[in-house]
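Work through the following exercises with the sequence and the 3D structure at hand. Each task is followed by a solution in steps.

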Amino acid sequence: MSTASNLFAGQHVVVMGGSSGIGEATATAFAADGAEVVITGRDREKLDAAVARIGGKTSGARLDATDPAALAAFFTEAGTVDHLVVAVSGAAGSGPFAQLDLADLAHGFDAKFWPQVRVLQAALPHLRKDGSVTLITAASARAAFPGTAGLAAINGALEAMVPPLAVELAPLRINAVSPGVIDTPWWDRVPTEQRTALFDGLAATTPAGRVGRPEDVARAIHMFAANTFVTGVVLDCTGGANLPTGR
Ligand SMILES: NC(=O)c1ccc[n+]([C@@H]2O[C@H](COP(=O)([O-])OP(=O)(O)OC[C@H]3O[C@@H](n4cnc5c(N)ncnc54)[C@H](OP(=O)(O)O)[C@@H]3O)[C@@H](O)[C@H]2O)c1
């Protein structure tokens, strides 16, 4: 991503959900700057492949972030963590509201909202007092796209927690990145032709002229960890796709 430095030398970074996409790009950025990085995910093969791609002082821990006992055991083993990034994903809970299956919406909360909250709570006793936590939400939290009320609820709930947590848990810093559409394996569930059409259409109407890359979000997360005067912030990383045009 950038020229390697020793900015995070001797520091421990945990990226929950670091075996692909935004989490992997984030782990790569920290590892390039000297951090000892642990990435987690549920799939051993994916983890091993990502560790090999990331390089540096990186290791992989197989862990389901929805499992409280596994989280407690992981953090006890991990020792002091300087920076925590929570990139676990979920895709359930989208679709037109009139037909929205509430069990599917609950599943969306189970896959994204609760793991992020659980991970942070389990990590707290093990985080450096003035370290950092970065959550990953989504532009759907505030973008008013039709068919995303469920995703808005999940991600909006997370975003609402950031400012009060930044005050309550200080000097630990709590921030969130709110990405727009980013080309990651998250989109593999959409058939290629449909995905290409969607990405091309978005690129044409987005001020940045393209959809996002995982590295775009990784840069924002890297900044949150590095800049010790930033806390309580939810940063849009959307290429301007969600800016109100007044039209
Ligand atoms: N891509 C986008 O357009 C976009 C837009 C807005 C927000 N986001 C958010 O960005 C974050 C990262 O998404 P991404 O696009 O990078 O997705 P991704 O490529 O699918 O990566 C998700 C990562 O999380 C891991 N993971 C998922 N559930 C887990 C669980 N229960 N426990 C442990 N690890 C788990 C996955 O590995 P395993 O599956 O092997 O566990 C993988 O390493 C998510 O919160 C997503 O909602 C993405």
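**Exercise 1. An unusual peptide bond**

In which loop does Pro 171 lie?

Solution. The model examined here is a predicted one. Pro 171 belongs to the loop between helix 5 and strand 6 (173-179). Next, inspect the bond that leads into Pro 171: the peptide bond from Ala 170 is cis, with omega near 10°. For comparison, most peptide bonds are trans.

**Exercise 2. A backbone angle in another loop**

Find where Ala 144 lies, then describe its phi and decide whether it is buried or exposed.

Solution. Step one: Ala 144 sits in the loop between strand 5 (127-136) and helix 5. Step two: the phi of Ala 144 is near 60°, a positive value in a residue other than glycine. Most residues other than glycine have a negative phi. Step three: Ala 144 has 10 C-beta neighbours inside 10 Å, so it counts as exposed; the cut-off for this class is 12 or fewer.

**Exercise 3. The environment of strand 1**

Determine how many residues of strand 1 (residues 12-16) are buried, and which residues lie on each side.

Solution. Begin with the count: 5 of the 5 residues are buried, and strand 1 is therefore largely enclosed by the rest of the structure. Then separate the two faces. His 12, Val 14 and Met 16 are on one side, Val 13 and Val 15 are on the other, and all of them are buried.

Now identify the strands that pair with strand 1. With strand 2, strand 1 pairs in the parallel sense over 5 bridges, and Val 13 stands opposite Val 37 there. With strand 4 (residues 81-86), strand 1 also runs parallel, joined by 4 bridges; Val 14 has Leu 84 as its bridge partner.

**Exercise 4. Crossovers**

Which elements make right-handed β-α-β units with strand 2?

Solution. One unit consists of strand 1, helix 1 and strand 2. Another consists of strand 2, helix 2 (residues 44-54) and strand 3. Both are right-handed. To complete the second unit, look at the pairing of its strands: strand 2 and strand 3 (residues 57-62) are parallel, with 6 bridges, and Ile 39 has Gly 60 as its bridge partner in strand 3.

**Exercise 5. The nonpolar core**

Which residues of the largest nonpolar core touch the most other members, and which element gives the most to this core?

Solution. The core holds 64 residues, and Val 15, Met 16, Val 37 and Val 86 touch the most other members. Helix 5 (residues 149-168) gives the most to this core, with 8 residues. In soluble globular proteins, nonpolar side chains tend to be buried together.

Take Val 37 as the example. Not counting residues up to four places away in sequence, Val 37 touches Val 13, Val 15, Ala 27, Phe 30, Ala 31, Lys 57 and Thr 58.

**Exercise 6. Three residues by burial**

Classify Val 133, Asn 175 and Glu 193 as buried or exposed.

Solution. The count of other C-beta atoms within 10 Å decides each case; 20 or more makes a residue buried, 12 or fewer exposed.

- Val 133, in strand 5, has 28 such atoms and is therefore buried. Leaving aside neighbours within four places in sequence, Val 133 is in contact with Leu 84, Leu 120, Leu 172 and Ile 174.
- Asn 175, in strand 6, has 23 and is therefore buried. With the same exclusion of neighbours within four places, its contacts include Thr 134, Val 162 and Phe 224.
- Glu 193, in helix 6 (residues 192-205), has 8 and is therefore exposed.

**Exercise 7. The shell around the ligand**

Which residues come nearest to the ligand, and which elements give two or more residues to the shell around it?

Solution. Of the 29 residues around the ligand, Gly 17, Gly 21, Gly 41, Arg 42 and Trp 186 come nearest. Helix 1 (21-32), strand 2 (36-41) and helix 4 (102-123) are the elements that give two or more residues to the shell. Helix 1 gives the most, with 3 residues. Finally, sort the shell by class: 13 residues are nonpolar, 11 polar and 5 charged.

Definitions and conventions:
Residues are numbered from 1 along each chain as its sequence is written. This is a predicted model: local features need pLDDT of at least 70, side-chain atom pairs count only at pLDDT 80 or more; totals for chains, interfaces and linings use all residues. A residue is near a molecule or strand if its C-beta atom, placed from the backbone, lies within 6 Å of it. Ala, Val, Leu, Ile, Met, Phe, Trp, Tyr, Cys and Pro count as nonpolar, Asp, Glu, Lys and Arg as charged, and the others, Gly among them, as polar. A nonpolar core is a set of buried Ala, Val, Leu, Ile, Met, Phe, Trp, Tyr and Cys residues joined through C-beta atoms within 7 Å. Two residues are in contact if their C-beta atoms, placed from the backbone, lie within 7 Å. Two strands pair if DSSP finds at least two bridges between them. A crossover is right-handed if, with the strands pointing away from the viewer, the path from the first strand over the helix to the second runs clockwise.
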